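This report describes a single protein structure for a reader who has the sequence and the model at hand. Please look through the structure before reading on.

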Amino acid sequence: MFIFWFSFASILLIFLLHSLVKFFNPNPRKLPLPPGSLGWPYIGETFQLYSQDPNVFFASKQLRYGSIFKTHILGCPCVMISSPEAAKFVLVTKANLFKPTFPASKERMLGKQAIFFHQGDYHAKLRKLVLRAFMPESIKNIVGDIESLAVDSLNSLEGRLINTFQEMKTYAFNVALLSILGKDEVLYREDLKKCYYILEKGYNSMPINLPGTLFHKSMKARQGLAQILAKILSKRRQMKLQHNDLLGSFMGDKEDLTDQQIADNIIGVIFAARDTTASVLTWILKYLGENQSVLQAVTVRIPLSQFNYLDFLYLQSGDLENDCSWLLVLASQEEQESIRQSKEKFLRWEDTKKMPMTSRVIQETLRVASILSFTFREAVEDVEYEGYLIPKGWKVLPLFRNIHHNPEIFPGPEKFDPSRFEVKALIIIFLAEIFVV
Ligand code: HEM
């Protein structure tokens, strides 16, 4: 009997000791934190970040500590990561270990059920529904309408001094509504615009919900948006028609989304789509304005038979050794000319696939401008990455801009050079064909 109690007590003691050790030392392998500095208590390195260009702050840290480092900003300990592998680890392969974090006021304004604030099954379902509405099968029917919106926008600029970003925002808003509500969008455009523009003004205001504050006005405008959407939902249910747009995707019978979930996600997608697209369009215009050869490459419509290479070099004052701009223009003749010849009344989906030059300009703009410099996540448990500990509760910031401006991945990263996205061998074969012809 004594032996039994002795063994039982020993096992209990070992178990208790083990639990105590685990409680006081949750990191038994003693993984180190990533290199870097946490700065002053509580304040951390907030002043250093805010007293200089944030890109310089991040870049100098990366230079000193490498592609993963720790810091402390706005009261939060953070791990910053700036390699494509680490970004994939946090955002894709181990996304379940990192939850999205947003200030509560942003959740209230956009709607708590919006995709950005969720993980797991609900997030995966919304992602599938959003992607479904933006697959070629769904959007190819509205390419001509998007072209009409672009042409109308351009015509409306005639003879006016404009703020490019504001004009691009209007255009992006109209295209967003078209892809969300289909051709019905014109019926609701002005009402939705009125509410959305008020909401947007208060998005970054102090979250004080008292009459007269910007935040309060925004929250009211948000209610207004939800009411308009409720009206559209009820009309669609009465009509019982199938729609290929984003609202149609959210309203699918099988999806079982509540009206609240649909409204939060529609408002969320307008928010995600509008300023991002408008910023990228504005940067594209800036880079095209600064790079005449690229501008010509995506706009010129000289038939190949009339193209005079020597004239072109003279116009460009081109340096053949160092400047591949003539390659750009030569290759683009095919792109623009074939679309011009085959184009019917409106641009078609197939036409958009014949614009590799234009695609490269967009890709390079996304890279150089990196309009979203980083995003936020929070570790939901202690995570090991490359021998370092990312403690539970710490913020994790994948730094997109640092990745896009890493000279080892993109040589001469500050230079706007769409040709870095081309498959060089194809161009050479293509040119060989031209000269043979
Ligand atoms: C060129 C312009 C755009 C850029 C640079 C951009 C960039 C991004 C980035 C970096 C994220 C990830 C944020 C994170 O996970 O923390 C994101 C998410 C998202 N974006 Fe965009 N975006 C653009 C345009 C659009 C458009 C036109 C739509 C319209 C459908 C859209 C809808 C979304 C949605 C729904 C999410 C959330 C995805 C998820 O949580 O799985 N974005 N965007």
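## Salt bridges

The side chains of aspartate 351 and arginine 348 form a salt bridge, with 3.1 Å from N to O. The term stands for a side-chain nitrogen of Lys or Arg within 4 Å of a carboxyl oxygen of Asp or Glu. The structure is a predicted model, in which local features need pLDDT of at least 70 and side-chain atom pairs count only at pLDDT 80 or more, while totals for chains, interfaces and linings use all residues. Residues are numbered from 1 along each chain as its sequence is written, and side-chain values use heavy atoms, with hydrogens and water left out.

Aspartate 351 is buried, with a relative accessible area of 0%, whereas arginine 348 is partly exposed at 23%. Here buried means under 20% relative accessible area, exposed means over 50%, and partly exposed lies in between (1.4 Å probe, protein chains only).

By the salt-bridge rule the count comes to 24. In general, side chains of opposite charge can pair when their charged atoms come close. Three of these pairs are set out below.

| Pair | Closest N to O distance |
|---|---|
| Aspartate 351 and arginine 348 | 3.1 Å |
| Lysine 193 and glutamate 190 | 3.8 Å |
| Arginine 222 and aspartate 264 | 2.6 Å |

Lysine 193 and glutamate 190 both belong to helix α10 (residues 185–201), where they are three residues apart, about one turn of the helix. Helices (H or I, at least four residues) and strands (E, at least two) are DSSP runs, numbered from the N terminus. Lysine 193 is buried at 12% relative accessible area, but glutamate 190 is exposed at 51%.

Which residues form the salt bridge whose closest N and O atoms are 2.6 Å apart? They are arginine 222 and aspartate 264. Arginine 222 lies in helix α11 and aspartate 264 in helix α13 (residues 259–290), so this pair ties together parts that are 42 residues apart in sequence. Arginine 222 is buried, with 9% relative accessibility, and aspartate 264 is also buried, with a relative accessible area of 1%. Elsewhere, salt bridges link Lys169, Glu200, Arg274 and Asp275 in a network.

## The sheet and its edges

Five strands make up an open sheet in the order β1-β2-β7-β4-β3, with mixed pairing. Its edge strands are β1 and β3 (98–99), each of which pairs on one side only. Two strands count as paired if DSSP finds at least two bridges between them. In general, strands of a sheet pair through backbone hydrogen bonds, either parallel or antiparallel.

At one edge, β1 and strand β2 (residues 76–81) run antiparallel and are joined by six bridges. Lysine 70 stands opposite valine 79 in β2. The hairpin of β1 and β2 has two residues between the strands, and in this hairpin leucine 74 takes a positive phi near 45 degrees. At the other edge, two bridges join β3 to strand β4 (residues 377–379), and these strands also run antiparallel. Phenylalanine 98 stands opposite alanine 379 in β4.

Is strand β1 largely enclosed or open? Six of the six residues of β1 (residues 68–73) are buried, so the strand is largely enclosed by the rest of the structure. In a regular strand the side chains alternate between the two faces of the sheet. In β1, Ile68, Lys70 and His72 are buried on one side, and Phe69, Thr71 and Ile73 are buried on the other.

## Cysteines

The structure holds zero disulfides, a disulfide being a pair of cysteine sulfur atoms within 2.5 Å. The cysteine sulfur closest to that of cysteine 76 belongs to cysteine 78, at 5.9 Å, which is too far for a bond. Cysteine 76 is partly exposed, with a relative accessible area of 24%, while cysteine 195 is buried at 17%.

## Serine 234

Helix α11, which holds arginine 222, also contains serine 234. Serine 234 is partly exposed, with a relative accessible area of 37%. Serine 234 and aspartate 259 are 25 residues apart in sequence, and their C-alpha atoms are 9.8 Å apart in space.
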